[in-house]
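The following exercises are to be worked with the sequence and the model at hand. Each task is followed by a solution in steps.

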Amino acid sequence: MGVVENYPSPTYLILLLITITRLISTVGKTEQWKALLPPELEIESLSQKLRNDPEAIEKVSRDFGNVVHDFPAAVFEPSSVQDIVSLVKLSENSSVPFKIAARGQGHSTRGQAMARDGVVVDMARFRERGNGVGIRVFVDPLMGRYYADVGGEELWIDVLKASLEYGVAPSSWTDYLYLTVGGTLSNAGISGQTFRYGPQISIVLQMDVITGKGELVTCSPQRNSELFHAVLGGLGQFGIITRARIALKPAPKREIQVMLQGLSYIPGFYYEKNVSFVEFLNRVRSGELKLQSQGLWDVPHPWLNLWDNKMSACIPEEDVFYAVGFLHSSGYDNWKAFDAQNREILKYCNDAGIKLKQYLPHYSTQEDWTKHFGSKWGTFLERKHQFDPRMILSPGQRIFNNN
């Protein structure tokens with residue numbers, strides 16, 4: 001007759017960890033208490049980095065979409081990359097691992113950066129503490145090399161400002177710049193310029209990634225290439241990006257007349273607005289600030305983004321395809337109507353044989369995820385077992401757990 005082992009739940013383990021660390025700070029760092037914690041963790045600082053107070057929990061239980069609300073057991077505010085490594089190792093080494101999600105600006109729309117009953121890593125607080133990689137720009141005109149080493153927690157608006165001080169900038173952007181580097185690279189990073197410059201994942205030269213095994217790995221197309229390609233567009237399933245090396249180019253100069261040469265237009269339909277490079281790239285910000293002042297920013301956003309290959313990101317299997325966005329804002333009482341409309345659009349496309357992929361995908365069954373990834377699903381699954389075998393990272397995507 002077999003022996004039944006009853007392991008504590010992941011939530012219990014997290015709360016026990018918080019309780020123990022607070023007891024340590026109260027009654028002293030005795031060997032008895034130390035023995036209860038993994039040796040790789042810095043006991044002295046844990047109580048200051050794991051929070052489960054209502055304010056911290058509430059902050060990370062919602063996102064820009066304001067449709068899904070999942071409460072974690074705790075919020076982790078790291079002071080270093082090694083702190084995050086230790087947290088993931090703790091979960092990976094536990095009899096029942098707890099889920100972990102890295103949260104940047106919380107600009108997901110369906111709870112993708114949440115971890116119900118798990119731990120949310122607050123990358124925004126990590127950025128505020130300034131102990132990460134930061135933003136370091138390297139310029140060598142003689143060799144024609146321009147790149148920036150950027151922490152995954154950094155914002156693209158700050159990457160733009162830092163690189164322009166050297167007269168260079170990334171070639172690919174998102175339309176909204178107050179997003180984290182790690183966040184957009186985990187999805188793809190697209191904008192109205194993607195048709196010309198490609199998504200942001202196409203300008204990455206190298207990364208440092210914390211895998212679901214708690215290993216800090218440097219990867220590139222030449223080194224640990226399997227992890228490199230898995231993480232880019234991988235929806236956070238294979239690792240947490242702590243550094244990305246971004247390719248830069250000389251920043252464009254405004255030469256309007258040169259750009260207009262050879263173009264014809266109908267008189268009366270010509271429109272010109274003279275703005276700086278920064279103003280053009282940061283054009284969404286003014287609209288955001290206006291909506292915030294009117295109390296219309298933090299409302300439900302039942303968005304639907306569609307795409308009409310080594311990396312994990314999925315696109316339609318067509319030579320030419322389009323990105324279509326239905327960017328709804330709604331009240332708290334009518335967002336479900338927009339959500340139903342989104343489902344109706346998807347059903348129509350499916351019935352009509354219109355090939356599409358969701359950008360920022362959201363599905364409720366693994367069957368739908370398998371269909372989404374198509375021919376890439378087998379590789380995606382293999383990479384998950386390789387880099388996060390205990391299914392710890394990014395549970396909010398609901399790819400490998402549907403609760």
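**Exercise 1. Determine whether Asp-368 is buried, partly exposed or exposed, and place the residue in the fold.**

Step 1. In this predicted model, Asp-368 lies in helix H15.

Step 2. The relative accessibility of Asp-368 is 31%. Buried requires a value under 20% and exposed a value over 50%, so Asp-368 counts as partly exposed.

Step 3. Asp-368 and Ile-399 are 31 residues apart along the chain, and their C-alpha atoms are separated by 9.2 Å.

**Exercise 2. Identify the buried residues of helix H15 and state how they are arranged around the axis.**

Step 1. Helix H15 covers residues 366-373, and its buried residues are Trp-369, His-372 and Phe-373.

Step 2. These residues span an arc of only 85° around the axis, and therefore they sit on the same side of H15.

Step 3. Glu-367 and Lys-371 are exposed on the other side of H15.

Step 4. The cover over the buried residues of H15 includes strand E14 (357-359) and helix H16 (377-387).

Step 5. After H15 comes Gly-374, with a positive phi near 55°.

**Exercise 3. Find residues other than glycine that have a positive phi, and describe the setting of each.**

Step 1. As background, most residues other than glycine have a negative phi.

Step 2. Leu-360 is not a glycine, yet its phi is positive, about 60°. Leu-360 belongs to the loop between E14 and H15. With 24% relative accessibility, Leu-360 counts as partly exposed.

Step 3. Met-391 is likewise a residue other than glycine, with a positive phi near 55°. Met-391 is located in the segment after H16. Its relative accessibility is 21%, so Met-391 counts as partly exposed.

**Exercise 4. Is Ile-392 buried or exposed, and which residues does Ile-392 touch?**

Step 1. Ile-392 is found in the segment after H16.

Step 2. Ile-392 has a relative accessibility of 0% and therefore counts as buried.

Step 3. Not counting residues up to four places away in sequence, Ile-392 touches Val-88, Ser-91, Glu-92, Pro-97, Phe-98, Lys-99, Ile-100 and Gly-212.

**Exercise 5. Which residues touch the most other members of the largest nonpolar core?**

Step 1. The largest nonpolar core has 53 residues, and those that touch the most other members are Trp-156, Leu-185, Met-207 and Ile-246. Helix H7 (residues 156-164) supplies the largest share of this core, five residues.

Step 2. A second, separate core has 19 residues, including Ile-84, Phe-98, Phe-126 and Ile-392.

Step 3. Leaving out residues up to four places away in sequence, the contacts of Met-207 are Val-217, Thr-218, Cys-219, Phe-228, Val-231, Leu-232, Ile-241, Arg-243 and Ala-244.

**Exercise 6. Locate Arg-127 and list the residues with which Arg-127 is in contact.**

Step 1. Arg-127 is placed in helix H6 (residues 123-129).

Step 2. At 18% relative accessibility, Arg-127 falls under the 20% limit and so counts as buried.

Step 3. Apart from neighbours within four places in sequence, Arg-127 is in contact with Gln-105, Glu-153, Glu-154, Leu-155 and Thr-180.

Step 4. For one of these residues, Thr-180, the separation of the C-alpha atoms from Arg-127 is 9.8 Å, and the two residues are 53 residues apart along the chain.

**Exercise 7. How many disulfides does the structure hold, and are Cys-219 and Cys-349 buried or exposed?**

Step 1. The number of disulfides in the structure is zero.

Step 2. Cys-219 is buried, at a relative accessible area of 0%.

Step 3. Cys-349 also counts as buried, with 9% relative accessibility.

**Exercise 8. Summarise the whole protein, and state where pLDDT stays under 50.**

Step 1. The protein contains 16 helices and 14 strands. Of its 403 residues, 48% count as buried.

Step 2. The accessible surface is about 20,700 Å², and 53% of this area belongs to carbon and sulfur atoms.

Step 3. The average pLDDT is 83, and 82% of the residues score at least 70.

Step 4. Over residues 1-7, pLDDT stays under 50, and the model has two contacts beyond four places in sequence for this stretch. Over residues 23-34, pLDDT also stays under 50, and here the model has 13 such contacts.

Step 5. Where pLDDT is low, the predicted coordinates should not be read in detail.

Technical notes: Residues are numbered from 1 along each chain as its sequence is written. This is a predicted model: local features need pLDDT of at least 70, side-chain atom pairs count only at pLDDT 80 or more; totals for chains, interfaces and linings use all residues. Side-chain values use heavy atoms; hydrogens and water are left out. Helices (H or I, at least four residues) and strands (E, at least two) are DSSP runs, numbered from the N terminus. Buried means under 20% relative accessible area, exposed over 50%, partly exposed in between (1.4 Å probe, protein chains only). Accessible areas come from the Shrake-Rupley method with a 1.4 Å probe; for residues, only the protein chains shown count as cover. The arc is that of the directions from the helix axis to the C-beta atoms. Contact means heavy atoms within 4.5 Å. A nonpolar core is a set of buried Ala, Val, Leu, Ile, Met, Phe, Trp, Tyr and Cys residues joined through side-chain atoms within 4.5 Å. A disulfide is a pair of cysteine sulfur atoms within 2.5 Å. pLDDT is the predictor's confidence in each residue, from 0 to 100.
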